[in-house]
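Have the model open in a viewer, with selection by chain and residue number at hand. The stops below say what to select and what is there.

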Amino acid sequence: MSSLDNKHNGSARVGVYICHCGINIAGKVHIQDVVDIAKKLPGVTVAKEYKFMCSDPGQEIIQEDIKKGLIDRVVVASCSPLMHEPTFRGAMAKADGNPFMFQMANIREHVSWVTKDKGLATDKSKALVAAAVARVMFHQPLTKTQVPVNPNVLIVGGGIAGIHAALTMANAGKKVYLVEREPTIGGHMAKFDKTFPTLDCSACILTPKMSAVRAHPNITLWTYSDVVGVDGFVGNFKIKVKLRPRYVIEEECVGCLECIEACIFKHGKFKDEFNVGLAKRKPIYVPFPQATPLVAVIDPETCAYFRAKCKKPCADVCEKKAIDFNQKEEIVEVDVGSIILATGFKTFDASRVARYGYGKYPNVYTSLEVERLVNAAGPTGGEVVLANGKKPKSVAIIHCVGSRDANSNKYCSKVCCMYSLKLAHLVKERTEADVYNFYIDMRTPGKGYEEFYERLLLEGINFIRGRVAEVTDWAMTPDEEEKLVIRAEDTLVGKVRRIPVDMVVLAVGMEAQPDADDVRRMFNISCSHEGWFLERHPKLAPVSTLTDGVFLAGACQGPKDIPDSVAQAGAAAAEALALIDIGHVELEPNTAFVRDEFCSGCRTCMNICPFSAIAIDTEKDTAVVNGALCKGCGTCVAACPSGALQQNLFTDEQIFHEIEGVMNYV
Amino acid sequence: MKYLYYPGCSLKSTGRAYEESALAVTEALGMRMDELEDWNCCGATNYMSISELKSFALSGRNLSLANRQANNTESVSLVAPCAACYLGLTKAKRYIEEYPEIRSKVDGALNAAGLEYRDHVRVRHLLDVLVNDFDQRSITERVKVKLAGMKVACYYGCQIVRPYSEFDDQHNPTSMERLFKSLGMDVVDWPLKTRCCGGTLTGTVSEVGQRLSYILLREATRRGANVIVTACPLCQFNLECYQSEMSKRFNDSVHIPVTYFTQLMGLALGIPRKKLGLHRLFVPIPDGVESPAAGGAHVLA
């Protein structure tokens, strides 16, 4: 098929519809002037305006004109095609028109919203309408192809969002591949002692879900693993997963932990990642008692065997012979139809705010460290103690560290006020210390959240409104000796205060994972400028991405607490299930094609195609595009030295006439 | 890298010892630093507060003179030892280069004087140059005098790190500490190193200004410092000149030498006290703190 062979024959009948979008467009563009110009353009048989073209009556105007035979192609001048191109194409199809005989002129985002002067805005609208009309004259009827959707799903990240999405999909009878890079699932939630505002035990509500993941017949769980390759498209992704060697055979290990006892290191010596460095672990370890899977892992960086200095007592003591130092990294490939990304967040590095003394003063902690301290299964058995082992008599919690700060992150991390309240309550309960919360604003919207704040006020926690200037060990008075001094402006009292405390807790904000940019490249989605994965629409498509079949769940999309993460994970699962239930996807016909007569068989396109969609017809020695694999990226079209490659909806003719339309007008 | 020296008003008057020691130290390190010819006021404080544009034009003239004196070479640094000059020049450069409307006005003024503004002159503080352009080991090797008894409190003040932090952290700068460790001296941990010295309040509301200076001096002494080094003429003046007045006002004995960092550095490099302007101090560095060093071996070890 070649669109170029079939030029418009002068009988084309274009309908032009200018949308007011309420006052969004009409407030800046003289609509009637644009209609008048459109009427005079060659090929235009109908030019109309309407208040909301996207509304049902608006769509009906187009449909009636098609049915009356007044028009055979349509230009709508309104908003971005990202918004309503599918709406108008759908309207045309319902009236038995071909939906690809359509072109949109964006006079809202590209004109009225960004132009101050009414005259200039009207001029630009006219030019864009002229361009769209010139272009649509060369449009051809095209048809969408359908491909089946693979019902399996890949979920990346085993925190609470990934776990909830996995269980929802698996319970609906779908096959789930859950990939987690740590040795255990559970994510940040597994590290918390209590959850706000109900103060229920985090582990008690999380670990049953973790076990359910492990036991579910529809879930394949790969921990200590990374996704390393993503090919294909919605409904038909090919995924490569790298399983890193844990040097313990997962199917054999029963989690008796005898190997850890037997290790030549009698005590933990290396940074315990799960306890954020507050404890030491051995080279062979399980991250925490309810780790899932409960399988030991050997860290080759620290294990003496890998430096030929150990007779492997761990292997000798294992009755199941589960320890295997010859384990190699393994790559597995699976086919899935949809992907849910639930890769989570990282906490802000508090040492970046040097004036708060993290890393300099031993009794300055991050909130995540204190989560471990208050946790009964943590390094101190739930005791909140100072570096010298004593209980603190006074504790300051500093809010917004790495949030709402032009020097680090401008956004509010959303969870810190609430978890600071929770930590204030727990610290007070465990130590009876005086607790001071230094806040900018208390942000407690959520079910039961404001009530929790009220409760803390009644519990006698001190709240001081003002961003802390610095944490210092500079004593001005005798009662400040040997203490950490908080210097802050108390903005309610209007005074600068110095408050000496024993312990400082920095309420660190949430940031995108450090490798979020690599991940988004692999899955072909976008990041916002703060690094969070970008949803398709902030309000109306919050779990979809601009790549069909890839959905988002949890804090990888932006700061979120547990209830929000779970809700979003459920929504992502529902979207994926809807895709599977329809059973097929329609592919845009914006594929490339080859004009044989111009093709010299140079193979430039074949080598450059990122989807391996181009082959060579050996008989004719010309290139051939496989329409099912072509994603319409246009790379081959740009690369072709002889112009043999063209792309539907983006033919040279269409683009040049579009440019001509603008230029003629200008 | 070509260096041109911008003295500004202080280094020719109250801060004369800064100029003497800065020139002596750079000479000892073999660094050529010609004075900018026909330089004018940097446009600090008074101009900046009343008419920013005039201030930018003044700094713009200095920057354009530097470009001319360096024959339009791409790599020229205009070195300003005075913190206020450094900030004034840096700010002007940023505003001229970021805002075309400011640039065209400044250019208009410069053109009337037969000059033109060029982007490539770098504005550097002398501390930045001595710490970042010199291998610190080569500085250690040049140490001739052992000042091991010196416990140094390094004081930055506000202007060389805020609002711009071109070569060090805004809140916890460490350049001077690194330099004095290279020179074989002990530095004390003193978290007040960027806290206000009182600035011009010392002259206007002396009760407030002197209290701010006093807090710094008292805490430095408490932390075991026996000398404070500064990189700013106003800081040096505030911290040193009112010590006897502070002693009376706050009923405390305040007595600690406050030198320019180049003065103490010069002493370690074996430069005679007089050449460093040390005889100008109100609170002198005691005689006999120097003892000959064996190369720089003791420092390296």
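## A pair of leucines in a sheet

Begin in chain B of this predicted model. Select B:L4 and look across to β3(B), where B:L78 stands opposite.

Next, widen the selection to the two strands, residues 2–5 and 76–80 of chain B. These are β1 and β3, which run parallel and are joined by four bridges. Strands of a sheet pair through backbone hydrogen bonds, either parallel or antiparallel.

Now add the rest of the sheet. In chain B, four strands lie in the order β2-β1-β3-β4, with parallel pairing, and the sheet is open. The edge positions belong to β2 (33–35) and β4 (121–125) of chain B; each has a single partner strand, so one side of each has no neighbour in the sheet. Between one strand and the next, the twist averages 35°.

## Chain B as a whole

Select all of chain B and show it as a cartoon. How many helices and strands does chain B have? There are 14 helices and 10 strands. The radius of gyration of chain B is 19 Å, close to the 19 Å that the globule rule gives for 301 residues, so chain B is as compact as a globular protein of that length.

Switch to the C-alpha trace: along its principal axes, that of chain B spans about 55 × 45 × 30 Å. Colour by burial, and 50% of the 301 residues in chain B come out as buried. For a contact map, take the contacts in chain B between residues at least 6 apart in sequence; 79% of them join residues at least 24 apart.

## Where the chains touch

Show both chains. The contact involves six residues of chain B and five residues of chain A. On the chain B side, these divide by class into two nonpolar, two polar and two charged residues. For the complex, the predictor gives an ipTM of 0.79 and a pTM of 0.83.

## Confidence, chain by chain

Colour by pLDDT. Chain A averages 95, and 98% of its residues score at least 70. Select residues 1–7 of chain A: the pLDDT there is below 50, and the stretch has 12 contacts in the model beyond near neighbours in sequence.

Chain B averages a pLDDT of 93, with 97% of the residues scoring at least 70. Select residues 295–301 of chain B for the last stop. Here the pLDDT is below 50, and beyond near neighbours in sequence the stretch has 11 contacts in the model. Where pLDDT is low, the predicted coordinates should not be read in detail.

Key:
Residues numbered from 1 in each chain as written. Chains lettered and ligands numbered in written order. Predicted model: local features only at pLDDT ≥ 70, side-chain atom pairs only at ≥ 80, totals over all residues. pLDDT = per-residue confidence, 0-100. Contact = placed C-beta atoms within 7 Å. Nonpolar A, V, L, I, M, F, W, Y, C, P; charged D, E, K, R; others polar. Rg over C-alpha atoms; globule rule 2.2 N^0.38 Å. Buried ≥ 20, exposed ≤ 12 C-beta atoms within 10 Å, placed from the backbone. Pairing = 2+ DSSP bridges. Axes fitted to C-alpha atoms, helices over the stretch in contact; angles between N-to-C directions.
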